[in-house]
Amino acid sequence: VSLGHTSSQMALRDPDIRLMLRVRDADDTAAFAELVERFQNRLVAVMHHLVGSADEAEDLAQEVFLRVFRTRKKYTPKAKFSTWLFTIANNLALNALRDRQRRPVVPLEVRDSGPFGPRPAEVLAPTRDDPPAHNLQQQELAEVIRQALDGLNERQRVAIVLNKFEDMNYADIAEVMGLSTKAVKSLLSRARSKLREALQGYIYMDSEPPPPVEEDRAGEADD
Amino acid sequence: MASEHTNPDDDPTPDPFEADLVAYLDGELDPEAAREVEQRLANDSAVRARAAELKKSFELLDFLPRPEPSPNFTSRTLDKLPTVTAATPLPNGTTRTPHPDTGDAMSLPFKPPADPRRRTRWAGLLRAAMVGFAVTSLAAFGYFATAKMRPYLFPNETVEAKLEVDPRVIELLPLYAGADDIAFVVELAKPEYFGDDPAVAFDGSLKVPSAADRPTGKDFDALVTAFRALPSDRQAAIIKLDQALHAKEPKERDRLLRALEAYTVWLERLPEAQRRAVLSAPATGTAQGNTRDRLAEIVSVRQQQWLATLPPDVQRSADLVEQWKMEEQARRDRLGFARKCAEEFTANRSPWPFDTEAGRKEVLEFARTAFKPDDIRRCRLTQEELNEYRRTLQLGQRDDSWKWFGVTVYELARLHPYLPEPENPKQLITDMNDLPEAYRREMMKKGFPALRINPRTVNKWPDYPLEILDQPFAKAMSNPPPLGPGRVTEFKKPVQDFATKDLFPKLIDFERLQLDRLVGKWPEYSQKFLKLADQYELSVPGVTLPGSPRRWDATYGGRFPARP
């Protein structure tokens with residue numbers, strides 16, 4: 001394998017790249033399996049945040065890995081492996097989300113009731129780690145946040161999810177999404193404003209000391 | 001790769017300052033621009049509030065659940081790989097040609113179960129459980145095949161990293177193989193599962209594993225291999241279980257280990273089909289629909305076993321089976337109770353919280369406030385309940401046998417939940433004269449005979465106002481004034497102090513908000529307040545049982561045999 005100087009240095013440092021090169025050059029399925037092991041948690045989580053359904057997230061993540069394998073010969077180790085992986089993930093997720101928009105389907109998960117509305121008991125199946133009541137709160141909150149994410153357009157959602165859950169900086173997001181960093185900046189700005197609007201009612205602005213019971217939360221400021 | 005789209009959104013271009021603010025919060029602004037933002041933040045409270053909202057709303061995303069891939073994700077993905085020579089996907093159902101390096105080993109250990117979603121979580125466990133039964137049987141279940149594959153799956157540097165597994169984990173692996181997590185093990189050690197096993201309950205000196213059972217040499221190596229063959233999340237779960245177990249008091253830890261051993265031995269002796277059913281059941285608490293989770297599956301198998309021990313005539317009669325089952329349950333309850341109290345009886349000690357003078361006093365005070373047994377007019381108990389209360393109290397005071405009083409108070413507190421009284425006695429509504437004008441007007445309009453107010457609730461807090469709210473006329477009122485305290489400042493001082501010092505600092509923003517939304521509403525605000533306190537294991541002074549709610553449940557919850 002011939003690599004440029006910087007690339008080979010990068011490859012030495014980065015075990016993911018080494019694995020991917022074994023996949024590319026030797027069709028090494030064991031190395032591929034290791035990559036799947038290493039990235040499945042992150043990828044499934046990101047996909048889940050993007051599409052909102054566990055089953056679909058897993059299918060999409062699987063498709064990403066399969067695409068990595070199918071296009072392995074085209075891989076060049078010029079950036080972090082994860083950037084390449086999430087570039088593929090970005091394309092697949094955007095396609096899936098747009099597909100879904102074109103033919104709107106029944107919601108994949110129960111999320112039709114408002115945060116404080118009555119809810120079917122089975123959705124609230126508590127885990128044993130949390131007392132049931134606590135679990136309920138978390139579920140309600142998660143539901144609200146899920147809806148706030150759904151209120152973003154696809155690109156905004158991708159940018160937010162990568163920024164938040166992959167802790168990606170603007171430059172990496174730009175690379176993954178094929179945008180300029182400037183574009184990412186405005187994308188994220190719009191997304192964050194929308195999230196702020198959607199979640200405003202769920203932020204407690206003066207948590208300590210305990211505020212007077214009447215509302216008057218700070219920040220009805222602008223808008 | 002970056003193209004120069006500036007507005008990839010369908011949305012209008014954002015306010016440039018807002019974009020800078022967000023970038024600033026993300027640490028993405030160059031120093032000069034950052035200084036500008038900081039200046040505006042320093043000078044403008046509206047901007048500060050905006051920044052705080054942007055930050056906090058982003059932080060809220062942390063509350064989204066983080067789903068994990070199903071444990072056989074890797075194998076399912078690998079199964080879909082195109083053959084390496086063809087580099088195109090094969091149609092469904094076609095078998096893959098073995099990889100030249102790994103041979104068939106690749107697909108062996110990862111055979112997907114019939115219904116991946118349902119069974120995957122425990123497919124790994126099913127294999128792992130075999131370790132406990134006989135290390136030699138591992139080969140049959142693909143362990144050695146997996147081991148052969150290991151060098152391919154994990155390049156050297158990661159193998160080194162993974163070698164550092166605590167030998168203790170390896171030694172106990174046969175016991176951990178069939179367990180989910182610490183909560184599962186604690187459950188297993190209850191009398192209705194394996195806690196009744198004599199070795200678990202009584203032989204406190206029995207250490208697990210005994211020196212003779214410690215795996216050595218080849219056995220140990222095989223276990224190491226088996227452990228490494230597990231998916232990484234399962235490995236992590238086992239290590240977590242091991243740590244949680246060893247964080248327990250030594251006595252409790254040994255008891256749990258003995259229960260695990262009893263369970264493992266039981267599993268090992270099960271017919272293959274039943275063992276599979278137990279091991280492939282979804283983790284306890286995660287079952288959906290009609291599926292049984294693992295604990296439920298264990299109960300079911302044990303019931304079948306119990307049934308099989310009955311004489312054939314009895315087995316044929318459903319009524320007899322039911323009767324014997326109840327007798328068996330009663331026997332267990334008695335045993336369980338005896339065991340619960342055994343230590344206290346032998347030590348001639350009072351049960352918690354009656355084991356200290358202060359504890360006794362607190363419970364009595366609570367009972368006097370919440371049930372008012374000494375005030376004929378306002379007493380909230382029925383005559384029968386009151387009799388039992390007095391009788392068991394006497395048992396405690398006379399014979400220093402507080403267990404029954406504990407049970408009684410616990411049950412009464414559940415039957416007659418109390419709500420915080422208002423600080424202002426005028427707000428304490430216990431009869432018609434206390435009711436706000438609006439209610440009285442409505443009641444007059446209706447005429448009293450039509451009212452059907454339960455007379456037993458009169459003079460009683462909070463029973464009377466709750467009864468009023470339950471009346472159709474009250475439900476029909478628009479904007480009815482609250483019938484009790486609707487905010488913390490209206491509670492009595494000890495409850496106010498409890499709120500500010502103990503409860504509120506623990507609440508997350510969302511919970512505070514939920515509570516605040518109920519301000520002015522009675523009884524909703526009070527009920528939510530109590531619920532939150534209970535969630536955080538706190539007792540509300542003068543309102544709920546003193547001491548940890550869970551400890552009350554643990555000590556006095558569950559079934560008790562007939563009282564003396």
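1. A residue is called buried when its relative accessible area is under 20%. In this predicted model, Phe405(B) has 0% relative accessibility and so counts as buried. Phe354(B), also at 0% relative accessibility, counts as buried too.

2. Aromatic pairs come to 25 over all chains. Phe354(B) and Phe405(B) make an edge-to-face pair, because their ring planes stand at 65°, where the cut-off for that class is over 60 degrees. The ring centres of Phe354(B) and Phe405(B) are 5.9 Å apart.

3. This pair links distant parts of chain B, its two residues being 51 residues apart. Phe354(B) belongs to the loop between helix H18 (318–346) and helix H19 (357–371), while Phe405(B) is in helix H21 (residues 403–415).

4. Chain B also holds an aromatic cluster made up of Phe491(B), Phe498(B), Phe504(B), Tyr525(B) and Phe529(B). One of these cluster members, Phe504(B), has Arg512(B) over its face, at 4.0 Å from the ring centre.

5. A further arginine placed over a ring is Arg294(B), whose charged end sits over Phe184(B), 5.9 Å from the ring centre.

6. Chain A contains nine helices and zero strands, and its pattern along the sequence reads α-α-α-α-α-α-α-α-α. Of its 223 residues, 55% count as buried.

7. Among the contacts in chain A with a separation of 6 or more, 61% come from residues 24 or more positions apart. The exposed area of chain A is about 9600 Å², and carbon and sulfur atoms supply 51% of that area.

Definitions and conventions:
Residues numbered from 1 in each chain as written. Chains lettered and ligands numbered in written order. Predicted model: local features only at pLDDT ≥ 70, side-chain atom pairs only at ≥ 80, totals over all residues. Heavy atoms only, no water. Phe/Tyr/Trp six-rings, centres within 6.5 Å; stacked < 30°, edge-to-face > 60°. Helix = DSSP H or I, 4+ residues; strand = E, 2+ residues; numbered from the N terminus. Buried < 20%, exposed > 50% of the residue type's maximum accessible area, 1.4 Å probe, protein only. Lys NZ or Arg CZ within 6 Å of the ring centre and 35° of its normal. Contact = heavy atoms within 4.5 Å. Areas by Shrake-Rupley, 256 points an atom, 1.4 Å probe, with all protein chains shown as cover.
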